[in-house]
Amino acid sequence: MNASEYDLVVVGSGPAGQKGAIAAAKARKRVAVIDWPAMIGGVSVHTGTIPSKTMREAIFQLTGFAVKTLGGNGFRNHGDISVRDVSSRVSTIVARETELIRDQLTRNTIAIIKAVRCF
Ligand SMILES: Cc1cc2nc3c(=O)[nH]c(=O)nc-3n(C[C@H](O)[C@H](O)[C@H](O)COP(=O)(O)OP(=O)(O)OC[C@H]3O[C@@H](n4cnc5c(N)ncnc54)[C@H](O)[C@@H]3O)c2cc1C
């Protein structure tokens, strides 16, 4: 990376980095975002908001818990849901969200630069 190619280099592609980068790109600045490929989207996408809420929602759906608590007639206990069922839903949503953020950054002509560990 040649730093002089950019007006702004944002470290971290979490919600804060994304908003800052997009605001600068819309102001016609040349912008790059640096992060580890497996962390595009930040904590929110990979270990925080999205996985935790997806996991909760998957458990509600797979067990029928939401229907039961609302007193719905259609409730059937789905019995044995596995950790694999839940984690498969979580990884599908996390992958989709990551792609969405990548698309949004590249659509705004923001370069995504791969971080490297120096220690
Ligand atoms: C379990 C959990 C549940 C949550 N639920 C919610 C919720 O429901 N609602 C809500 O509003 N918030 C929630 N949060 C909080 C939310 O995830 C954070 O507020 C948000 O992610 C902060 O965004 P950020 O951009 O400041 O930082 P982060 O999302 O932490 O992003 C920082 C990024 O910087 C990168 N980075 C760090 N150092 C370097 C470096 N040296 N070089 C390159 N890249 C680097 C990291 O890889 C990371 O991608 C939750 C958090 C957790 C942990």
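Start at the N terminus and colour by secondary structure: the elements of the protein run β-α-β-α-α-α-α-β. That gives you 5 helices and 3 strands; these are DSSP runs numbered from the N terminus, with helices being H or I of at least four residues and strands being E of at least two.

A quick note before you click on. This is a predicted model, where local features need pLDDT of at least 70, side-chain atom pairs count only at pLDDT 80 or more, and totals for chains, interfaces and linings use all residues. Residues are numbered from 1 along each chain as its sequence is written, and side-chain values use heavy atoms, with hydrogens and water left out.

Next, show the surface. The protein exposes about 8,000 Å², and carbon and sulfur atoms supply 58% of it (Shrake-Rupley method, 1.4 Å probe).

Now select the ligand and whatever is near it, meaning residues with a heavy atom within 4 Å. You'll pick up 19 residues, the closest being A16, D35, V43, T49 and K53. By type, this shell divides into 8 nonpolar, 9 polar and 2 charged residues.

Which elements should you highlight for supplying at least two shell residues each? Go for α1 (15–26), β2 (31–35), α2 (42–46) and α3 (49–63).

Zoom in on the ligand's oxygen atoms and look for polar contacts (pairs of N or O atoms within 3.5 Å). One ligand oxygen is 3.2 Å from a polar backbone atom of P15. Check M39 too, where a polar backbone atom is 3.3 Å from a ligand oxygen, and then S44, whose polar backbone atom is 3.3 Å from a ligand oxygen. Taken alone, the ligand exposes 1,000 Å², and the protein buries 51% of that.

Definitions and conventions:
Polar contact = N/O pair within 3.5 Å; in protein donor to acceptor, adjacent residues only side chain to side chain. Nonpolar A, V, L, I, M, F, W, Y, C, P; charged D, E, K, R; others polar.
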